[in-house]
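Q: I'd like a close look at a single part of this model, namely the sheet. Could you walk me through how it is put together?

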Amino acid sequence: DGSLLATAGGDGRVVLWDMATAAPRHIFQGHSDWVLCVVFSPDGRSLASGGHDMTARLWDVASGKPGWVLDGHQGAVTAL
């Protein structure tokens, strides 16, 4: 709905921003290297991230809690 923005970077974190206040709503930590891509689920309830650490991770947008870690890749996850 445009109220949130997800950013990712070289610190291994994904930051979920509240666009009304420009303040972080959640900071997701779990990747051990660069986070290369992020995408919201179609219903906006989950966020997926992929990284140079060869994992894709799922996050709960409302609670900020981590979900599944998908670690079957042989290289960096560059698209979701």
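To start with the turn, how many residues lie between S4 and S5 in their hairpin, and which residue in the turn has a positive phi?

A: Keep in mind that this is a predicted model. The hairpin of S4 and S5 has 5 residues between the two strands, and the turn residue with a positive phi is Gly-44, at about 75°.

Now for the strands on either side of that turn. S4 and S5 run antiparallel to each other and are joined over 5 bridges. One of the pairs to look for is Val-35 with Gly-51 in S5.

Carry on along the chain and you meet another hairpin, made by S5 and S6 with 4 residues between them. Here Met-54 sits in the turn with a positive phi of about 70°. Strand S5 covers residues 46–51 and strand S6 covers residues 56–60; their pairing is antiparallel too, over 5 bridges. You can trace it through Gly-50, whose bridge partner in S6 is Ala-56, and through Ser-46, which stands opposite Asp-60 in S6.

Put together, the sheet is an open one of 4 strands, in the order S4-S5-S6-S7, with antiparallel pairing. Its edges are S4 (35–40) and S7, each of which pairs on one side only. On average, neighbouring strands here are turned by 20° against each other, ignoring direction. As for what holds such an arrangement together, strands of a sheet pair through backbone hydrogen bonds, in a parallel or an antiparallel way.

What about cover? S5 is mostly tucked away, with 5 of its 6 residues buried. Over on the S7 edge, look at Trp-68, which belongs to that strand (residues 66–70). Trp-68 counts as exposed because its relative accessible area is 64%, and the cut-off for exposed is over 50%. Trp-68 also helps make a nonpolar surface patch of about 320 Å², together with Leu-58 and Leu-70. Leu-58 brings S6 into the picture, as that strand spans residues 56–60, while Leu-70 falls in S7, residues 66–70.

So if you want a route through the sheet on screen, begin at Val-35 and its partner Gly-51 in S5, go on to Gly-50 and Ala-56 in S6, and finish at Trp-68 in S7.

Terms used: Residues numbered from 1 in each chain as written. Predicted model: local features only at pLDDT ≥ 70, side-chain atom pairs only at ≥ 80, totals over all residues. Heavy atoms only, no water. Patch = residues over 30% accessible without salt bridge, like charges linked within 9 Å, V, L, I, M, F, W, Y side chains within 5 Å. Areas by Shrake-Rupley, 256 points an atom, 1.4 Å probe, with all protein chains shown as cover. Salt bridge = Lys/Arg side-chain N within 4 Å of Asp/Glu carboxyl O. Buried < 20%, exposed > 50% of the residue type's maximum accessible area, 1.4 Å probe, protein only. Pairing = 2+ DSSP bridges. Axes fitted to C-alpha atoms, helices over the stretch in contact; angles between N-to-C directions.
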